[in-house]
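Q: I am new to this structure and would like a close look at one part of it. Please take the network of salt bridges as the centre and work outward from there.

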Amino acid sequence: MATTTTKLYSLSLSDVKTYLFALVFIVGNILFPQLAHLIPQGGLIFLPIYFFTLIGAYKYGIFVGLLTAILSPLTNNLLFGMPPTAVLPAIFVKSVVLAIIAAIIAERTGKVSFWGILLAILTYQVVGTGVEWMMTQSFIVAVQDFRIGLPGMLIQLVGGYFVLKALAKA
């Protein structure tokens, strides 16, 4: 389960595919949180808003990742009030860091790597935790993803690996 060679792309902002793929991943990041929120504290436990950002950035590059990272939480907030407006800045930071690091890892390695995905997840969580701590002045709030969201990180890691592996030929 270490690595799988795959076609990874770095789509440009002038490529219509960038916007089409971003739209697909944004829809995924709208539907997956809706499912997670059927469970009490499901959003906090499963961290669903990050899953398709990881997939989009890793497979299709930084621009698909960034569009997904920014537009997914914003759209969810406007349509459903979730995530709450007060936490949007922290989610934006984590989502953007995830998109950037996942795209960089994919571009540098050229393959789907379990360890690369783990590195992307840990990086966005550690950086995001630090920024959230500075924003909220609360260590407890900042480490919430590590206290409650470990199942979500595991879904990102294992699910992300298998989704990317399944997309290996696309």
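A: The account below begins with the salt bridges and then turns to the helices and loops around them.

The model is a predicted one. A search of the whole structure finds two salt bridges, and Lys94, Glu132 and Asp145 are linked in a network of such bridges. In general terms, side chains of opposite charge can pair when their charged atoms come close.

One bridge joins glutamate 132 to lysine 94, with the closest N and O atoms 3.0 Å apart. Glutamate 132 lies in helix H6 and lysine 94 in helix H5, so this pair ties together parts that are 38 residues apart in sequence. The other bridge is formed by the side chains of aspartate 145 and lysine 94, at 2.8 Å from N to O. Aspartate 145 belongs to helix H8 (residues 144-148) and lysine 94 to helix H5, so here the parts tied together are 51 residues apart in sequence.

Are these charged residues buried or exposed? Glutamate 132 and lysine 94 are both buried. For lysine 94 the relative accessible area is 3%, which means that it falls under the 20% limit for a buried residue. Aspartate 145 also counts as buried, because its relative accessibility is 7%.

Threonine 129 gives a further view of this region. This residue lies in helix H6, which covers residues 114-136. Because its relative accessibility is 9%, threonine 129 counts as buried. Its side chain reaches the backbone oxygen of glutamine 125 at 2.6 Å. Leaving aside neighbours within four places in sequence, threonine 129 is in contact with Lys94, Ala142, Val143 and Phe146. Lys94 in that list is also a member of the salt-bridge network.

Beyond H6 comes the loop between H6 and helix H7 (139-142), where glutamine 137 is found. Its phi is near 60°, a positive value in a residue other than glycine. Most residues other than glycine have a negative phi, and most peptide bonds are trans. Glutamine 137 counts as exposed because its relative accessibility is 64%.

Leucine 47 is another residue with a positive phi, about 45°, although it is not a glycine. It is placed in the loop between H2 and H3. Leucine 47 has a relative accessible area of 4%, and therefore it is buried.

The route back to helix H5, the helix of lysine 94, leads through helix H4. The loop between H4 and H5 contains proline 83, and a cis peptide bond with omega of about -5° joins methionine 82 to proline 83. Just after H4, glycine 81 takes a positive phi of about 75°.

Helix H4 itself has 19 residues, which at 1.5 Å a residue should span 27 Å; its end C-alpha atoms are 27 Å apart, so the expectation and the model agree. The buried residues of H4 are Val64, Gly65, Thr68, Ala69, Ser72, Pro73, Asn76 and Asn77. Their cover includes H1, H3 and helix H5 (88-109). An α-helix has 3.6 residues a turn, so residues three or four places apart point the same way.

A nonpolar patch on the surface, of about 340 Å², is made by Ile70, Leu71, Leu74 and Leu78. Isoleucine 70 is found in helix H4. Because its relative accessibility is 38%, isoleucine 70 counts as partly exposed.

Helix H1 (residues 16-36), part of the cover over H4, can be described in a similar manner. Its 21 residues should span 30 Å at 1.5 Å a residue, and its end C-alpha atoms are 31 Å apart, which agrees. At the N-terminal end of H1, aspartate 15 acts as a cap, with a side-chain oxygen 2.9 Å from the backbone nitrogen of lysine 17. Buried residues in H1 include Thr18, Ala22, Phe25, Ile26 and Gly28. They also include Asn29, Ile30, Pro33 and Ala36. Among the elements that cover the buried residues of H1 are helix H2 (42-46), helix H3 (51-60) and helix H4 (62-80).

To return to the centre, lysine 94 in helix H5 is paired with glutamate 132 in helix H6 and with aspartate 145 in helix H8.

Note on methods. Residues are numbered from 1 along each chain as its sequence is written. This is a predicted model: local features need pLDDT of at least 70, side-chain atom pairs count only at pLDDT 80 or more; totals for chains, interfaces and linings use all residues. Side-chain values use heavy atoms; hydrogens and water are left out. Helices (H or I, at least four residues) and strands (E, at least two) are DSSP runs, numbered from the N terminus. Buried means under 20% relative accessible area, exposed over 50%, partly exposed in between (1.4 Å probe, protein chains only). A polar contact is a pair of N or O atoms within 3.5 Å; within protein, one must be able to donate a hydrogen and the other to accept it, and residues adjacent in sequence count only if both atoms are side-chain atoms. Contact means heavy atoms within 4.5 Å. The expected span of a helix is 1.5 Å times one less than its number of residues. Patches are made of residues with over 30% relative accessible area and no salt bridge: like charges are joined within 9 Å, nonpolar side chains (Val, Leu, Ile, Met, Phe, Trp, Tyr) within 5 Å. Accessible areas come from the Shrake-Rupley method with a 1.4 Å probe; for residues, only the protein chains shown count as cover. A salt bridge is a side-chain nitrogen of Lys or Arg within 4 Å of a carboxyl oxygen of Asp or Glu.
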